Amino acid sequence: MDALLNAADSALRTIFVHPRASRACPTVPECGDEQLSESDRILSGALMRVNHVGEVCAQALYTAQALAARSPRANQRTAHPALAVQLEAAGKEETDHLAWTRQRLDELGARPSLLNPLWYAGAFGLGLLAGRFGPGVSLGFVVETERQVEAHLASHMDRLPPGDQASRAIVAQMKDDEARHAREAQHAGATDLPEPVRGLMRLAARVMTTVAHRI
């Protein structure tokens, strides 16, 4: 029951509350947004909205996988509290990303995605499903997710306006953190996911990023 209440609390906080970061937001000294044109602001806002959606989904995924790790499977009596702790720790670090991207959206005068509740629900379902297959698959899901997010963030470094150094600093730090999360999950015993599963994950991510760019 405690785990379920914590999962519900995480969902409400992610969707409806301005998050607070435990780390300072990456910044570039003496670099403001005055030089950004209106078109640059719109582009940066759209890209950071996509990144914010990614962090909403990350909260859902880690919360759901931690919930599954704390709950024994129907045919087993063993929960995996150590895995749950690792997932929860990564989720807390992702909260920094959630706060940074939301702050940047506010600075750019952009709004979060109107579909955030839908994104959260879908990601939570996927995380819960992955978690029910056991630690290896759950960690493998983390590895593949973080690798795809890292590649996605690298593409945003190419697409962000050259003058938007504030967004670039945030994306660069997020990219480093995602790569580390993937390495940690790999070292913890992740199972390689089949190519069809990885392909479906890429397709789902493409749909999400395309829609969130506009809505």
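Let's start with aspartate 96, which you'll find in helix H3, residues 81-108. Keep in mind as you look that this is a predicted model. Is aspartate 96 buried or exposed? At 2% relative accessibility, aspartate 96 counts as buried, because the cut-off for buried is under 20%. Setting aside residues up to four places away in sequence, aspartate 96 touches Ala21, Ser22 and Arg23.

Now please turn to asparagine 51, over in helix H2. Asparagine 51 is buried too, with a relative accessibility of 2%. Which residues is asparagine 51 in contact with, once we leave aside its neighbours within four places in sequence? They are Thr101, His152, Leu153, His156, Val171 and Met174. There is also a distance to look at here: the C-alpha atoms of asparagine 51 and histidine 97 are separated by 8.8 Å, and these two residues sit 46 residues apart along the chain.

On to helix H4, which runs over residues 116-131. H4 has 16 residues and reaches 22 Å from its first C-alpha to its last, close to the 22 Å expected at 1.5 Å a residue. The buried residues in H4 are Asn116, Trp119, Tyr120, Ala123, Phe124, Gly127, Ala130 and Gly131. If you look down the axis of H4, those buried residues fall within an arc of 130°, so they line one face of the helix. Leu118 and Leu129 are on the other side of H4, and they are exposed.

That brings us to the nonpolar cores. The largest has 20 residues, and the members that touch the most others are Val53, Trp119, Tyr120, Phe124, Phe141 and Ala212. Which helices each supply at least two residues of this core? They are H2 (38-70), H4 and H7 (195-212). H2 gives the most, with 8 residues. Let's zoom in on phenylalanine 141: not counting residues up to four places away in sequence, it touches Leu61, Gln65, Leu126, Ala130, Leu193 and Met201. There is a second, separate core as well, with 13 residues, and Cys25, Leu36, Leu153 and Met174 are among them. You may remember Leu153 and Met174 as contacts of asparagine 51.

Next, some empty space. The largest pocket has a volume of about 1,000 Å³. How many residues line the largest pocket? There are 42, and those nearest its centre are Leu61, Thr145, Gln148, Met201 and Ala205. Two of those names, Leu61 and Met201, came up a moment ago as residues touched by phenylalanine 141. The elements giving two or more residues to the pocket lining are H2, H4, H5 (135-159), H6 (165-187) and H7.

A quick word on H6 itself. H6 has 23 residues and reaches 33 Å from its first C-alpha to its last, close to the 33 Å expected at 1.5 Å a residue. Just after H6, glycine 189 takes a positive phi of about 110°.

My last stop is histidine 213, in the segment after H7. Histidine 213 is partly exposed, with a relative accessible area of 21%. Leaving aside its neighbours within four places in sequence, histidine 213 is in contact with Leu43, Ala46, Leu47, Arg49, Val50 and Arg159. And how far apart are the C-alpha atoms of histidine 213 and alanine 90? They are separated by 26 Å, with their positions 123 residues apart along the chain. Thanks, everyone, and please do have a look around the structure yourselves.

Technical notes:
Residues numbered from 1 in each chain as written. Predicted model: local features only at pLDDT ≥ 70, side-chain atom pairs only at ≥ 80, totals over all residues. Heavy atoms only, no water. Helix = DSSP H or I, 4+ residues; strand = E, 2+ residues; numbered from the N terminus. Expected span 1.5 Å × (residues − 1). Buried < 20%, exposed > 50% of the residue type's maximum accessible area, 1.4 Å probe, protein only. Arc of directions from axis to C-beta. Core = buried A, V, L, I, M, F, W, Y, C linked by side-chain atoms within 4.5 Å. Contact = heavy atoms within 4.5 Å. 1 Å grid on protein atoms, 1.4 Å probe; cavity = no way out; pocket = protein on both sides within 12 Å on 5 of 7 lines; lining within 4 Å. Points joined across faces, edges and corners; volume = space filled by probe spheres on them.
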